[in-house]
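Grab a pencil and keep the 3D viewer open. The exercises below walk you through one protein, step by step.

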Amino acid sequence: MAIESLTVVLPAYNEEARLGPALDELFGYLRRRGERGREELSGSGMLPADIRVLVVDDGSTDATAQLVRARPEMTPGEGVARLELMSLPHGGKGAAVRAGMLASDADVTVFADSDMATPPDELPRLLDALGDAQVALGSRIQPDGRDMRGSQPPLRRWLGAAFHFFASAWVTGDVKDTQCGFKGFTREAAQDLFARQQITSIVFDTELIYLARRRGYRIAVVPIHWYDRRGSRMRARPGLALRVGWDLFRIPLLHRRVARLARLEDKAHEGTSG
């Protein structure tokens with residue numbers, strides 16, 4: 001697959017403290033346009049020339065939107081990538097990501113956490129995977145088994161392990177890191193999957209993985225570097241746990257009538273016939 005255009009979707013809710021440094025890091029990387037990045041990673045020169053960064057403001061009550069509007073990259077012709085802002089009423093991270101992904105017409109669209117917990121020099125690695133796959137899932141678990149989430153507080157790690165146990169049994173299968181906020185999709189897969197997305201809570205990632213598997217898309221799991229950026233407003237509390245449990249339970253029920261893509265069925269049939 002020849003990738004000629006890229007959109008990076010950054011959902012943001014009350015991120016005025018963290019978004020500015022994150023955009024500095026992202027656009028600094030994009031401006032360098034080198035072939036090599038840190039630690040032998042690919043530089044931004046390996047990315048397509050047509051790049052759009054779309055910040056989706058999820059009804060922030062702070063100065064998140066004003067910060068984005070004041071950036072020089074909002075001016076056409078300034079920089080190697082266009083910066084755009086989409087403002088929505090507050091609906092949750094899943095709703096913000098869905099809106100941004102459906103607004104993209106790029107060959108490949110990636111959504112990433114707005115604090116750049118996954119550094120931007122991981123973008124070429126995700127795009128490389130999408131040369132053969134239609135969905136690429138960033139994973140904080142390394143090939144040698146190391147888990148980049150080891151720096152998280154113990155309670156959050158324990159809750160994450162419990163979540164993974166139930167998610168893998170009921171929804172996602174053997175995907176070991178469902179919640180990494182760094183995922184890429186081809187245009188066809190993005191428009192298909194996000195149009196079907198119904199979950200807007202933090203469980204929306206697992207819904208997308210479930211849908212991608214059910215539709216028969218090729219999925220690549222891509223080990224990435226990741227850093228625990230402190231400042232997250234997510235707090236473990238009973239109400240959130242109940243919402244997560246309920247959303248996780250109902251994902252297969254919501255999509256029980258979703259069928260595999262006919263063209264993929266045809267290719268599978270051709271392969272067995274040959």
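Here come five exercises on this predicted model, each with a worked solution.

**Exercise 1. Get your bearings: find how many helices and strands the protein has, and what share of its residues is buried.**

Step 1. Count the elements: you should end up with nine helices and seven strands.
Step 2. Turn to burial. Of the 274 residues, 51% are buried.
Step 3. Now look at who touches whom. Take the contacts between residues at least 6 apart in sequence: 80% of them join residues at least 24 apart.

**Exercise 2. Work out the strand order of the sheet and say which strands stand at the edges.**

Step 1. Trace across the open sheet of seven strands, and you get the order E3-E2-E1-E4-E6-E5-E7, with mixed pairing.
Step 2. Check the ends of that order. E3 (81–88) and E7 (219–223) are the edge strands; each has a single partner strand, so one side of each has no neighbour in the sheet.
Step 3. Follow the twist, which averages 20° from one strand to the next.
Step 4. Zoom in on one pair. E5 (residues 135–139) and E7 run parallel and share five bridges, and Val-135 sits opposite Ile-219 in E7.
Step 5. Add the helices that lie across strands. H1 (residues 16–32) crosses E1, E2 and E3, at about 170° to E2. H6 (residues 187–196) does this over E4, E5 and E6, at about 110° to E6.

**Exercise 3. Decide whether helix H7 is largely enclosed or largely open, and give your reason.**

Step 1. Locate the helix: H7 covers residues 204–215. From first C-alpha to last, its 12 residues reach 16 Å, close to the 16 Å expected.
Step 2. Go through its residues using the cut-off for buried, under 20% relative accessible area. The ones that pass include Phe-204, Leu-208, Tyr-210 and Arg-215.
Step 3. Conclude: 10 of the 12 residues are buried, so H7 is largely enclosed by the rest of the structure.
Step 4. Look just past the end, where Gly-216 follows with a positive phi, near 90°.

**Exercise 4. Two acidic residues of H7, Asp-205 and Glu-207, are buried. Find out which salt bridge Asp-205 forms, and how far Glu-207 is from the nearest side chain of opposite charge.**

Step 1. Start with Asp-205. Its salt bridge is with Lys-183, and the closest N and O atoms are 2.9 Å apart. This pair links distant parts of the chain, since Lys-183 is in strand E6, 22 residues away from Asp-205.
Step 2. Check burial: Asp-205 has a relative accessible area of 3%, and Lys-183 has 1%.
Step 3. Move to Glu-207. The nearest side chain of opposite charge is Arg-98, at 6.7 Å. A salt bridge needs the atoms within 4 Å, and Glu-207 has none.
Step 4. Look at Arg-98 itself. It belongs to helix H3 (residues 93–102) and counts as partly exposed, at 24%. Among the residues Arg-98 touches are Gln-197 and Gln-198, and Glu-207 is in contact with Gln-197 and Gln-198 too.

**Exercise 5. Describe the salt bridge between Asp-247 and Arg-250.**

Step 1. Place both residues: they lie in helix H8 (residues 238–254), three residues apart, about one turn of the helix.
Step 2. Recall the geometry. An α-helix has 3.6 residues a turn, so residues three or four places apart point the same way.
Step 3. Read off the distance: 2.9 Å, N to O.
Step 4. Compare burial. Asp-247 is buried at 0%, whereas Arg-250 is partly exposed at 22%.

Technical notes
Residues numbered from 1 in each chain as written. Predicted model: local features only at pLDDT ≥ 70, side-chain atom pairs only at ≥ 80, totals over all residues. Heavy atoms only, no water. Helix = DSSP H or I, 4+ residues; strand = E, 2+ residues; numbered from the N terminus. Buried < 20%, exposed > 50% of the residue type's maximum accessible area, 1.4 Å probe, protein only. Contact = heavy atoms within 4.5 Å. Lys, Arg positive; Asp, Glu negative; His and termini not counted. Expected span 1.5 Å × (residues − 1). Pairing = 2+ DSSP bridges. Axes fitted to C-alpha atoms, helices over the stretch in contact; angles between N-to-C directions.
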